[in-house]
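Student: I have a model open and would like to talk it through with you. Could we go step by step?

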Number of protein chains: 2
Amino acid sequence: MTPSGKGDLFDPACPTRRLLDRIGTKWTSMAVKVLAEAGEDEVRFAELQRRIPGVSQKMLSVTLQSLTRDGLVARRVEPTVPPRVHYRLTVLGQSLEVPLAALRTWAEENMAAIDRANAAAAD
Amino acid sequence: MTPSGKGDLFDPACPTRRLLDRIGTKWTSMAVKVLAEAGEDEVRFAELQRRIPGVSQKMLSVTLQSLTRDGLVARRVEPTVPPRVHYRLTVLGQSLEVPLAALRTWAEENMAAIDRANAAAAD
DNA sequence: CGGAATCCCAATCGATACTG
DNA sequence: CAGTATCGATTGGGATTCCG
């Protein structure tokens, strides 16, 4: 990356876009929310899938991998057979939950207004 | 839209995902930021493009259309020739800026930690 | 049980060209 | 100037199958 070439892009100093690329991915915010609701408790893979309606095994898997690589989620494997894998938010992940919760609150309070604007624009 | 159709999915009671679908789109958050920085002032199309490095005419256009339909941005056309089109955040758009700014702050403060986690995971 | 691998479709985005 | 139209490349993500 960093094509210092020509039409060169925005600035690498814009972490916001990079963050939105991550949390904007289809299932990430829901996974963070579910894990945040669990508080200190760990949540197993299947349980997460149950609590995130519509998510496929694959997408939940890649989503959790991504969050784990980013240091937002911690993964713990019980070496039993069959294995049990537990997830929880890291401290960093919990700190992200704060602004994310604010965004959720905004969404809950204002999506209706956005829907109304869209309906009005549909003329 | 209005996923009353079929591709329908999880619960419609989750406005967060729908919001993230919008602001998570590549240029939306940057456009909102630039418009927010302008405060009460209006910003012209070309000026927005100048302030959002890398955005194409087309993408800026569709982004602004989307924001306008959502009632987050107001569009004003001066019927001169050539025309001048001005954009500004609506009150709703300004209210979105608040949680969005919080997310930006988080991003600026913690993306480095995420990058470090990624580097550490690259083993 | 919790993934990894593969396939495939749909949406997104960029480049380019054209218009009022 | 501020778009719209079209096309092609890239990506996201769902379904399915296989593995430890």
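Student: Is A:Gln65 buried, partly exposed or exposed?
Tutor: Happy to start there, keeping in mind that this is a predicted model. The relative accessibility of A:Gln65 is 43%. Buried would need under 20% and exposed over 50%. Because 43% falls in between, A:Gln65 counts as partly exposed.

Student: Which helix does A:Gln65 lie in, and which DNA strand does A:Gln65 come near?
Tutor: A:Gln65 lies in helix 4 of chain A. Among the 18 residues around one of the DNA strands, the nearest are A:Gln65, A:Arg75, A:Tyr87, B:Lys58 and B:Met59. The helix is therefore helix 4 of chain A, and the strand is DNA strand C.

Student: What share of the DNA strand C atoms within 4 Å of the protein belongs to sugar and phosphate?
Tutor: Start from the residues that come nearest to DNA strand C, with A:Arg75 and B:Lys58 among them. Of the atoms of DNA strand C within 4 Å of the protein, sugar and phosphate account for 68%.

Student: How far is the side chain of A:Arg75 from a phosphate oxygen of DNA strand C?
Tutor: Several atom pairs can be listed here. A polar side-chain atom of A:Arg44 lies 2.9 Å from a sugar or linking oxygen of DNA strand C, and a polar backbone atom of A:Ala46 is 3.2 Å from a phosphate oxygen. For A:Arg75, an N or O atom of the side chain and a phosphate oxygen of the strand are separated by 2.2 Å.

Student: Which element gives the most to the surface near DNA strand C?
Tutor: The elements that each supply at least two residues are helix 3 (45–51), helix 4 and strand 3 (84–89) of chain A, together with helix 4 of chain B. By class, this surface has nine nonpolar, four polar and five charged residues. With four residues, the element that gives the most is helix 4 of chain A.

Student: Now the other strand: which residues are closest to DNA strand D?
Tutor: DNA strand D is surrounded by 19 residues. Of the strand's atoms within 4 Å of the protein, 66% are sugar and phosphate. The closest residues are A:Lys58, A:Met59, B:Gln65, B:Arg75 and B:Tyr87.

Student: How far from a phosphate oxygen of DNA strand D is a polar side-chain atom of B:Arg75?
Tutor: Let's take the phosphate pairs in turn. A backbone N or O atom of B:Val85 lies 3.4 Å from a phosphate oxygen of DNA strand D, and a polar side-chain atom of B:Ser61 lies 3.2 Å from one. For a polar side-chain atom of B:Arg75, the value is 2.3 Å.

Student: Which element has the largest share of the surface near DNA strand D?
Tutor: This surface holds nine nonpolar, four polar and six charged residues. Its largest share is four residues, and they come from helix 4 of chain B.

Student: Away from the DNA, which residues of helix 1 of chain A are buried?
Tutor: Helix 1 of chain A spans residues 15–23. The cover over its buried residues includes helix 2 and helix 5 of chain A, as well as helix 1, helix 2 and helix 5 of chain B. The buried residues are A:Pro15, A:Thr16, A:Arg17, A:Leu19, A:Leu20 and A:Ile23.

Student: How are helix 1 of chain A and helix 5 of chain B oriented to each other?
Tutor: Their axes come within 8 Å and cross at roughly 75°. Angles from 65 to 115 degrees fall into one class, so helix 1 of chain A and helix 5 of chain B are roughly perpendicular.

Student: How do the residues of that contact divide by class?
Tutor: On the chain A side, A:Leu19 and A:Ile23 are among the residues involved, and on the chain B side, B:Trp106 and B:Met111 are included. The contact of helix 1 of chain A with helix 5 of chain B divides into nine nonpolar, two polar and five charged residues.

Student: Is B:Glu97 buried or exposed, and which side chain does B:Glu97 join in a polar contact?
Tutor: B:Glu97 lies in helix 5 of chain B. The cut-off for buried is under 20%, so at 13% relative accessibility B:Glu97 counts as buried. Its contacts beyond four places in sequence include B:Val32, B:Ala36 and B:Leu89. The polar contact, at 2.5 Å, is with the side chain of B:Arg104.

Methods
Residues are numbered from 1 along each chain as its sequence is written. Chains are lettered from A and ligands numbered from 1 in the order in which they are written. This is a predicted model: local features need pLDDT of at least 70, side-chain atom pairs count only at pLDDT 80 or more; totals for chains, interfaces and linings use all residues. Side-chain values use heavy atoms; hydrogens and water are left out. A residue is near a molecule or strand if one of its heavy atoms lies within 4 Å of it. A polar contact is a pair of N or O atoms within 3.5 Å; within protein, one must be able to donate a hydrogen and the other to accept it, and residues adjacent in sequence count only if both atoms are side-chain atoms. Ala, Val, Leu, Ile, Met, Phe, Trp, Tyr, Cys and Pro count as nonpolar, Asp, Glu, Lys and Arg as charged, and the others, Gly among them, as polar. Buried means under 20% relative accessible area, exposed over 50%, partly exposed in between (1.4 Å probe, protein chains only). Contact means heavy atoms within 4.5 Å. Axes are lines fitted to C-alpha atoms, for helices over the stretch in contact, and angles run from 0 to 180 degrees between N-to-C directions. Angles under 35 degrees count as roughly parallel, over 145 as roughly antiparallel, 65 to 115 as roughly perpendicular and the rest as oblique.
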